[in-house]
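Student: I am new to this structure. Please take me closely through one part of it, the strands and the charged pairs around them.

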Amino acid sequence: VMTVRTINGAISRAAALDVKNVRVAWRDSGATAYSEVVVVRPGVSLYGGYSATFVRNVSSFPTLVARPDAYVVYAQNVFVATTVDGFTITNTGSLAGKQAIKTDTCSSGLTFSTNVVNSGSAATSSYAIRNDSSSSPTISNNTINSGSGTDSYGIYNASFSSPTISNNTINGGSGTNASYGIYSTSSSPTISSNTISGGSSANG
């Protein structure tokens, strides 16, 4: 077992060695988050929820990733089987239009599963997950919470995206103008078996 201090460092090492799976342990018994923007590498899957001795239990060993940037996890041009599973992903900043997870031009081979995704508070729009540029990831068995802003979105799909969204619990947050559990523009998502709340906005 090779130990690397950062998630991106582990991804780079795995890609160089043709390793397909990266196991990520919690930090300081769940008290400390990985503070980095995680860039997903095609073909390198990420699995959180491990103890320091690499026993896996997602509920008992929460693996936190948190940043105050435009997004916390970013995937672009992922066309092969790649999974992000078992993390708590939180955008802690207040930037306009911020996202917890952003995907651009990815296929259904990209899977987000068994994560808790939180977008927090934003100056304008807040997105827990945003899919753009013909992106079609598989989003399943997650808890997805938008935050607050002018408009808040649990999952936002744009520019001919067609994700598969199933078996999630989705909350649209508390936008002062409007809030949406799932919002799509020029997109065709496949949606099934989710628990969806539009959020607390009167216009959601």
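Tutor: Here is a walk along the strands, followed by the salt bridges.

This is a predicted model: local features need pLDDT of at least 70, side-chain atom pairs count only at pLDDT 80 or more, and totals for chains, interfaces and linings use all residues. Residues are numbered from 1 along each chain as its sequence is written, and side-chain values use heavy atoms, with hydrogens and water left out.

Start with strand 3, residues 45–50. Strands are DSSP runs (E, at least two residues), numbered from the N terminus. Five of the six residues of strand 3 are buried, so the strand is largely enclosed by the rest of the structure. Buried means under 20% relative accessible area, exposed means over 50%, and partly exposed lies in between (1.4 Å probe, protein chains only).

Strand 3 pairs with strand 1, residues 21–25. Two strands pair if DSSP finds at least two bridges between them. Here four bridges join the two, and they run parallel. Arg23 has Tyr47 of strand 3 as its bridge partner. Strand 3 also pairs with strand 6, residues 82–85, in the parallel sense over two bridges. There Leu46 stands opposite Val84.

Strand 6 also brings in a charged pair. Its Asp85 forms a salt bridge with Arg56. A salt bridge is a side-chain nitrogen of Lys or Arg within 4 Å of a carboxyl oxygen of Asp or Glu. The closest N and O atoms of this pair are 2.6 Å apart. The pair links distant parts of the chain: Arg56 sits in the loop between strand 3 and strand 4, 29 residues from Asp85. Asp85 counts as buried, at 9% relative accessibility. Arg56 counts as partly exposed, at 34%.

Now the open sheet. Six strands lie in the order 4-7-10-13-16-19, with parallel pairing. Strand 4 (63–67) and strand 19 (195–197) stand at the edges, each with a single partner strand, so one side of each has no neighbour in the sheet. At one edge, five bridges join strand 4 to strand 7, residues 87–91. Val65 has Ile89 of strand 7 as its bridge partner.

Back to charges. The structure holds six salt bridges. Lys102, Asp104, Arg130 and Asp132 are linked in a network of them. Lys102 and Asp104 pair at 3.3 Å between their closest N and O atoms. Both residues are buried. Asp132 and Arg130 pair at 2.6 Å between their closest N and O atoms. Asp132 is buried at 8% relative accessibility, and Arg130 is buried at 19%.
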